[in-house]
Amino acid sequence: MGLDVAALRSCFPSLASGTAHFDGPGGTQVPEAVGRAVAATLTAPISNRGSVTAAERFADETVLAARSAMADLLGVDPAGIVFGRSATALTFDLARTLAAGWGPGDEVVVTRLDHDANIRPWVVAADAVGATVRWAAFDPDSGELTADDVAAVLSDRTRLVAVTGASNLIGTRPPIEEIAAPVHAAGALLVVDGVHLTAHAPVDVPALGADVFSCSPYKFLGPHCGVMAADPALLTTLHPAKLLPSSDAVPERYELGTLPYELMAGTTAAVDFLAALGDGSSRRERLGTAMTAIEEHEDRLRERLEAGLAELPGVRLRSRATHRTPTLLLTFEGRDAADAYRFLAERGVNAPAGSFYAIEASRWLGLGDTGGLRVGLAPYSDADDVDRLLAGLREWLAVR
């Protein structure tokens, strides 16, 4: 099936401004249906979850609906869906919980490709208990991170491997299924940062082999919150710090304080919006066909964009992995990417510059902390957007 991009774009009030958005990796635009769901939940009779009053029941229904929606998106059990303030906060909480069982001699593996949100929590947690951090590096020329790169730093003391499902800086999609095999053979857990991946491709967490998978609804047309998915059996074995009267059930034991019901309702609406773009007899099936159509649409635009960039002088494309999301990092010979960012913004084209919290990847590429110009495509991107970006870059490069 194809994607009706014109009809899709009409659902986003913010696009009426005329801005061309290539800033989706930092947070997508939101369809009207999601905003309505958030507002309706905020203004409805609601209270803490319970089963007596209508307000309590509405809160409970909102939570269960959001767990079900995210379970369909990720192909997991709803009982393993945890909501939190952000994917970063959830990862820090998980790291502290797991590190309680680590000590000197234990090892954790992180990668140079990852967003710092899937590096620093593990580094901090390991340092706190005297565990060792080992680093898996990617090829800076190709942008590839292979299973062999990860296997090379595994040992019988490895307790956990943290790896990205897709780089938010250069788009590389490591072969998670291949990485999972040696990680599990070593007896370690595999924690996958799926924040960038989930926005661009169908996801099946069990098929990936991830023990824990995190994502952020605001990267796929939803509100600002974070989601962690894991097998409920695994979550039952862990005991995070929590308040005495709060539930010890799974997944509630991982959700600190009152949940953001309005954001959970918005998450459900975002998943339903995506599902409505697909075909199938179940929401899971519709999401699969919709995300496949989105992936194909974005890849076509990426190819159009790359062809145009190849004609521009002094432009270096840093996103070169064979399997990648439609996320391009550009640097310019003798020019500052931040200047391009400002120049394009004045012309209604949002393509930001920086390292975008992928600081280790940026340094590994030899870009220091400044990074480059990141161009990220989204489901609502179209050919006119791409042509406007290319025209803006052409104009900027001509200015000396």
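Reader: Which residue in β6 stands opposite Val161?

Author: Leu190 stands opposite Val161. Keep in mind that this is a predicted model.

Reader: What makes β5 and β6 a pair?

Author: Pairing needs at least two bridges between the strands. β5 and β6, residues 189-193, have five bridges, in the parallel sense. Therefore they count as paired.

Reader: Why is β3 also called a partner of β5?

Author: The cut-off is again at least two bridges. β3, residues 107-111, and β5 share three bridges, also in the parallel sense. So this is a pair too. In it, Val109 has Val161 as its bridge partner.

Reader: What links β5 and β6 into a unit?

Author: Helix α7, residues 176-185, joins them in a right-handed β-α-β unit.

Reader: How many residues of β5 are buried?

Author: Six of the seven, in a strand that spans residues 158-164. Each of those six has under 20% relative accessible area, because that is what buried means.

Reader: Where does Arg318 lie?

Author: Arg318 lies in the loop between β9 and β10.

Reader: Why is Arg318 said to have no salt bridge?

Author: A salt bridge needs a side-chain nitrogen within 4 Å of a carboxyl oxygen. The nearest side chain of opposite charge, Asp141, is 7.1 Å away from Arg318. So no salt bridge is counted, although Arg318 is buried.

Reader: What does the side chain of Arg318 reach?

Author: It reaches the backbone oxygen of Leu365 at 3.5 Å. A polar contact requires N or O atoms within 3.5 Å. Beyond its neighbours within four places in sequence, Arg318 is in contact with residues including Ile170, Leu329 and Leu365.

Key
Residues numbered from 1 in each chain as written. Predicted model: local features only at pLDDT ≥ 70, side-chain atom pairs only at ≥ 80, totals over all residues. Heavy atoms only, no water. Buried < 20%, exposed > 50% of the residue type's maximum accessible area, 1.4 Å probe, protein only. Helix = DSSP H or I, 4+ residues; strand = E, 2+ residues; numbered from the N terminus. Right-handed = clockwise from strand over helix to strand, strands pointing away. Lys, Arg positive; Asp, Glu negative; His and termini not counted. Polar contact = N/O pair within 3.5 Å; in protein donor to acceptor, adjacent residues only side chain to side chain. Contact = heavy atoms within 4.5 Å.
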